Amino acid sequence: MRRWLPLLAILFLPWSVQAEYWDNIDYYDVNLIIQRDGSVDVTEVITYDFGTVAEAHGIERFVSTQYTNGWFNDNIDLDLHSVTDALGQEWPVDTNHSGSNTVWGIGSAATTVSGEQTYAI
């Protein structure tokens, strides 16, 4: 039995570490409106519960904007109009690119958030 104790300790170690911090997406809703010109208006509402995460500043939203379709590469034109909270107040947004993704950093490095936060993108 003693030879199994180190293995059991290793197996349960991630659970004990993970139990200290938790966060969760409580609500996710997407509304798509296809326009006559072929463009699509997309609205996402995300309710994110930061739970016990210490020093949270917001969320990152990754959106794929480049796709490979056989011999062709398709690019999506993406315009972000705003990101607001449940009361309609705007969240600060930083836009970056990572590979084939556009990345929106929503929130502020100078401000921490906790509990449930709503992001209407």
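The side chains of E44 and R61 come together in a salt bridge, with 2.6 Å from N to O. In this predicted model, a search of the whole structure turns up one salt bridge. Because E44 sits in strand β2 and R61 in strand β3 (residues 58-64), the pair ties together parts that are 17 residues apart in sequence. The two partners can also be described by their surroundings. E44 is buried, with a relative accessible area of 7%, whereas R61 reaches 21% and counts as partly exposed. The cut-off helps here: a residue is called buried under 20% relative accessible area, so R61, at 21%, is classed as partly exposed.

With that pair in mind, the overall layout is easier to follow. The chain contains one helix and eight strands. Read from the N terminus, the order of elements is α-β-β-β-β-β-β-β-β, so the helix is followed by the strands. Of the 121 residues in the chain, 21% are buried. The accessible surface of the chain amounts to about 9400 Å², and carbon and sulfur atoms account for 54% of that surface. Contacts across the sequence are also informative. Among contacts between residues at least 6 apart in sequence, 56% join residues at least 24 apart.

Strand β2 offers a second charged residue to look at. D49 belongs to this strand, which covers residues 40-49. What is the nearest side chain of opposite charge to D49? It is R61, at a distance of 18 Å. D49 is buried yet has no salt bridge. A salt bridge requires the nitrogen and the oxygen to lie within 4 Å, so the 18 Å between D49 and R61 does not qualify. The side chain of D49 does have a polar neighbour, however: one of its polar atoms lies 2.9 Å from the backbone nitrogen of G51.

Aromatic rings appear in the same stretch of sequence numbering. The structure holds two aromatic pairs. One of them is formed by Y48 and F50, whose ring centres are 4.6 Å apart. The planes of these two rings make an angle of 50°, and the pair is described as tilted. Are the two residues buried or exposed? Y48 counts as buried at 16% relative accessibility, and F50 is buried as well, with a relative accessible area of 3%.

Turning to the other end of the chain, T118 is found in strand β8 (residues 116-120). T118 is buried, with a relative accessible area of 19%. The limit for this class is under 20%, so T118 falls within it. Which residues does T118 touch, once its neighbours within four places in sequence are left aside? The contacts of T118 are V45, I46, T47, T84, D85, A86 and W91.

Several residues with more accessible positions complete the picture. N75 lies in strand β5, which spans residues 72-75, and counts as exposed at 56% relative accessibility. Apart from neighbours within four places in sequence, N75 is in contact with T65 and Q66. The C-alpha atoms of N75 and T65 are 5.6 Å apart, although the two residues are separated by 10 residues along the chain. Q66 appears again in connection with G99: the C-alpha atoms of G99 and Q66 are separated by 8.8 Å, and the two are 33 residues apart along the chain. G99 itself is placed in the loop between β6 (93-98) and β7 (101-107). With a relative accessible area of 73%, G99 is exposed.

Strand β6 also includes N96, which counts as partly exposed at 46% relative accessibility. Not counting residues up to four places away in sequence, N96 touches N101, T102 and V103. Between the C-alpha atoms of N96 and F62 there are 9.6 Å, and these residues are 34 apart along the chain.

Methods:
Residues are numbered from 1 along each chain as its sequence is written. This is a predicted model: local features need pLDDT of at least 70, side-chain atom pairs count only at pLDDT 80 or more; totals for chains, interfaces and linings use all residues. Side-chain values use heavy atoms; hydrogens and water are left out. Helices (H or I, at least four residues) and strands (E, at least two) are DSSP runs, numbered from the N terminus. Buried means under 20% relative accessible area, exposed over 50%, partly exposed in between (1.4 Å probe, protein chains only). Contact means heavy atoms within 4.5 Å. Accessible areas come from the Shrake-Rupley method with a 1.4 Å probe; for residues, only the protein chains shown count as cover. Rings of Phe, Tyr and Trp (its six-membered ring) pair if their centres lie within 6.5 Å; planes under 30 degrees apart count as stacked, over 60 as edge-to-face and the rest as tilted. Lys and Arg count as positive and Asp and Glu as negative; His and the chain ends are not counted. A polar contact is a pair of N or O atoms within 3.5 Å; within protein, one must be able to donate a hydrogen and the other to accept it, and residues adjacent in sequence count only if both atoms are side-chain atoms.
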